[in-house]
Amino acid sequence: MQGKGLIRFFAILIAVVCLFQYFLMWQTNRIEAQADEYAQLMAKGAEGSVERYLSEKEGKSKYLDSISQDTVFRIPLLANYTYNDLKDATLNLGLDLKGGMSAALEVDLKELIIALANKSNDKTFRQALADADAAKATSQSDYVTLFAEAYQKLANGKKMSKLFSINPSLRQDINAESSDAEVVAVLREKANSTVSLTFEMLKERIDRLGVVQPNVTLDANRDLILVEMPGIENPERARKFLQQSAKLEFWNTYRSSDQGISGAFILADQKASSLGLGEAAAVEQVWEPVFDSITGEVIDSTLVDASSLDAGQGPLLSLLTLFPQGSSQLGYVDRKKKDIVNNMLTNKEIASVFPNDIMFLWSHKPEQIGEGSEFGYILYGIKKGSANADAPLEGDVVVDASASPDPTTGEMGVSLTMNNKGAKTWGQITTTAAANGNREVAIVLDSMVYSAPRVNQPITGGRSSITGSFSVQEATDLSKILSVGKLPAKTRIIQESTVGPSLGKENISRSIKSLIWGVGLLLLFMVFYYGGAGMVSIVALLANVFFIFGALANFGTVLTIPGIAGIILTIGMAVDANVIIFERIREELRSGKTLLASIKDGFQHSYSAIIDANVTTILVALVLARFGLGPIKGFAVVLIIGVLLSLFTAVLLGKLIIDWWTAKKENNLTLWTPPVKNAFAKMNVDWIGKRKIAYVASGILIAAGLVSIFTSGLNYGVDFKGGYQYEISFPEAYNMSADGLRTGLGEYLEGTPVVKAVDKANTFNITTDYLIDNTDEGNAARVISKLAEGITAISGKEFSEQAFTLGSSDDAPKILSSAVVGPTIADDIKKSSVLAAIIALILIFAYIAIRFSKWQYSMGAIAALVHDTLVLLGVFSLLKNVLPFSLDIDQAFIAALLTVIGYSINDTVVVFDRIREYLGIYTSKTTDEVLNLAINSTFSRTIITSLTTLFVVTILLVFGGGSIKGFAFALFVGVLVGTYSSIFVATPVLRDLTSDLRPKVRKDSKKSVFSKAANG
């Protein structure tokens, strides 16, 4: 009873947590519906509103951004939730389901190493860099390691320290006597810091791109930054935005007390009214900041009557609060209204009233001006000197920056060191600033002001100390910002994919259909085959679906098409545990036991097989999670969560329901329906005797596949060979064909592209390696231009390249989705995939060897897995030009292959577990008789499990989009082959490796560890 109570407790706990997650998801959807209403209003143009020119998408983005840090939902006395908090607790859809752009950016560490070596022209150094570049294309090692290996091969004993010890910023870490290993360790530390800083800067930059809920993650092992940006409509703009270098600048500033500045704001306010940009706001009170008398920094604020202000309250000054004269901080605006004010300040007529060399910039993050006030941005006026002038000093002169407390006062500050060139310019800037009333110098990164310290005296030695009532974290952050100037690493897109919103909506529709049909078919079959017990499996299955979506939301999982495939597959596999249990209970009933005794023994004897089978699946999923990228990693996470929850719902929750129902004597539980009562009940096939026939059949199939692989090869997907891939839809008037596109585009793309028709009318998938080895920026746009030229020539119809790219016209061809994979990451993906498969096989071999105490079991299992892999590869080669959808060898195929491996070993383990059990029971039977008996007794389970899994896989194959059909087909073939191999390969190989499988143990120790645990 204690055990049942514990199960009830966890079931209720999980249900409550999931219900809470669903409630938070409902709250999120409610707020986003409000954002949609606001966006529609702004798109139409609310009369008198300065926001009436926003597009619908911009309006939604602005609305959600404005409330991102506001409390939008409260649980009294427990928690307050901002919109960002709610969004983090929501099951977000991936780009393939809602459209957008994803990219893998590589941090270019070559320029970092050059900078750390003071741009040395040493021939050995430069050759080592070139060799590292070449090795990078085929190696999975990081760039620092490749450079070190290349240098040591060329150096002839010359120490690496001579290159780097002359750099002032490295002198504390590297000297002339430092070993190469010590130098490499320092370079790796600097590289890690660079990647981390670039990652942080990129996150802030993407936030300014206007993307709703971007997802930016760091893959530190590969020095990659992975970015997902939903709703991106202009990929080329996003590419430029992602790849531009961080720009650190030092600027002189205007003060509010400078001649004409205060008056210009009043004139600008009046000009905004005359232009009809808005109506005066009825403001009774405003926040007026309080400044420190020495530093000039804002230290507090107070509410004052609006009538006491000198300026009127027009559309500009009703939103922008001007600060008192004498500070470089000109004004303050609520963070929700910053863009509105910025649009007014950049209006040509309004800008004309200010000095022509002023450039308005904002603080990099919103601040709270005094307790109780709203968070807002501070406005600065940058003094350029002339309208087109560059910054007088940029970040490349920074040698070192660090945060530390002042030894005298203990106040946190930032120490800044510049090179000789920077020290000279810095001396001139600070001398002028100090002589003109101790003015402020703005430190600007990516056009945002991070700090504007006051210059108290000239700084001529190149070493500065910046103070300003910093907290430890603020001082550390500023030192990191300054460090960006000496870290010249750039980012380069090496993998990219875009999905149009229309394709995303279609993918959602297909995925929902697949899920509904898959679950529906399973429910009907389980009731038909198992009767009353099937009803129990329905409850467990529905609970499983409920728990899976709640758990995924709780973990902040991004749901993609492969993720939905993982859920559907998990549902199919969840039935497996029910089938194992129900089939065992049926066996016990047929042996003459009572219902209650059969239920008890059926569950008890099923635990070992269920646990073994699911552990192997989790091992495979863990390998996928470790080596997969993007959606494939998401598929693995979904699979792991699904398998764990399936164990809970099918085994524990199912047992609880059955015990509750059968506790009353008048309640009966049926395990079959009349049509299938004795299905597979009297199997007596000599499987082992027929093994040689199976060997010949398998050999023929594998040989045919290998011949096809070595003669016609395999179709490698773009993520395995690199290249550009586009899914292009044509209007009916174009009447295009795959052959026509293949022939016509070859002239423009300097080689024949791979063109395949997909399962939508007049839609084609086009893959080309044109310009893929060229690392120049803008190549993606050039490839699209060539595609557009070629299509125009083939069709004889003119169309806008912008409409082609953005899909904005129904009368022109449109790119529904695109992907680009550079050769470096393609090679990395290919090697990672092979490594993942090898590691999965090793883990399975080790687990089987440990669980069954004989290596022959492991060899039988591995033989079956190798058989399944070769057959699947052969089928993909033989049918690649036959089926009406792509059979590419890509990441999705590897995910399917590893899933098939997990599924196949699942089948095999169930048979092996029964063999182990029967070897201890039927001591008088021969080994062949025991093996046949084990296969025959588990045959019903093998067939039923395969059938239920094939139900959901077939649904994926029928309703899934073109992007998932190859994956579903691999699963379909894999399930069939895996079922076959568990009977005709794994067990026969086990038999041929040894004639004596009986363990050398005492007769009284036959029970498995799991059986004992179940009894305990």
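Colleague: Before we look at the hairpin, when do two strands count as paired?
Modeller: Happy to start there! This is a predicted model, and the strands in it are DSSP runs. Two strands pair if DSSP finds, between them, at least two bridges.

Colleague: How many bridges join β16 to β17, and which way do the strands run?
Modeller: Strand β16 covers residues 398-405, and β17 covers residues 412-418. In this pair, Ser402 stands opposite Ser415 of β17. The two strands run antiparallel, and the bridges joining them number seven.

Colleague: Which residue in the hairpin of β16 and β17 takes a positive phi?
Modeller: Look at the stretch between the two strands, which has six residues. The positive phi in this hairpin is near 80°, and the residue that takes it is Gly410.

Colleague: Is Lys119 buried or exposed?
Modeller: Find Lys119 in the loop between α5 and α6. Its phi is near 55°, a positive value in a residue other than glycine. Exposed means over 50% relative accessible area. Lys119 has 61%, so this residue is exposed.

Colleague: And where does Asn438 fall, with its relative accessible area of 27%?
Modeller: Asn438 sits in the loop between α14 and β18, with a positive phi near 50°. Buried means under 20% and exposed over 50%. Its 27% lies in between, so Asn438 is partly exposed.

Colleague: Which helix gives the most to the largest nonpolar core?
Modeller: That core has 139 residues, and Leu898 is one of the members that touch the most others. Leu898 has contacts including Val620 and Ala836. With 16 residues in the core, the helix that gives the most is α29.

Note on methods
Residues are numbered from 1 along each chain as its sequence is written. This is a predicted model: local features need pLDDT of at least 70, side-chain atom pairs count only at pLDDT 80 or more; totals for chains, interfaces and linings use all residues. Side-chain values use heavy atoms; hydrogens and water are left out. Buried means under 20% relative accessible area, exposed over 50%, partly exposed in between (1.4 Å probe, protein chains only). Helices (H or I, at least four residues) and strands (E, at least two) are DSSP runs, numbered from the N terminus. A nonpolar core is a set of buried Ala, Val, Leu, Ile, Met, Phe, Trp, Tyr and Cys residues joined through side-chain atoms within 4.5 Å. Contact means heavy atoms within 4.5 Å. Lists of a residue's contacts leave out its neighbours within four places in sequence.
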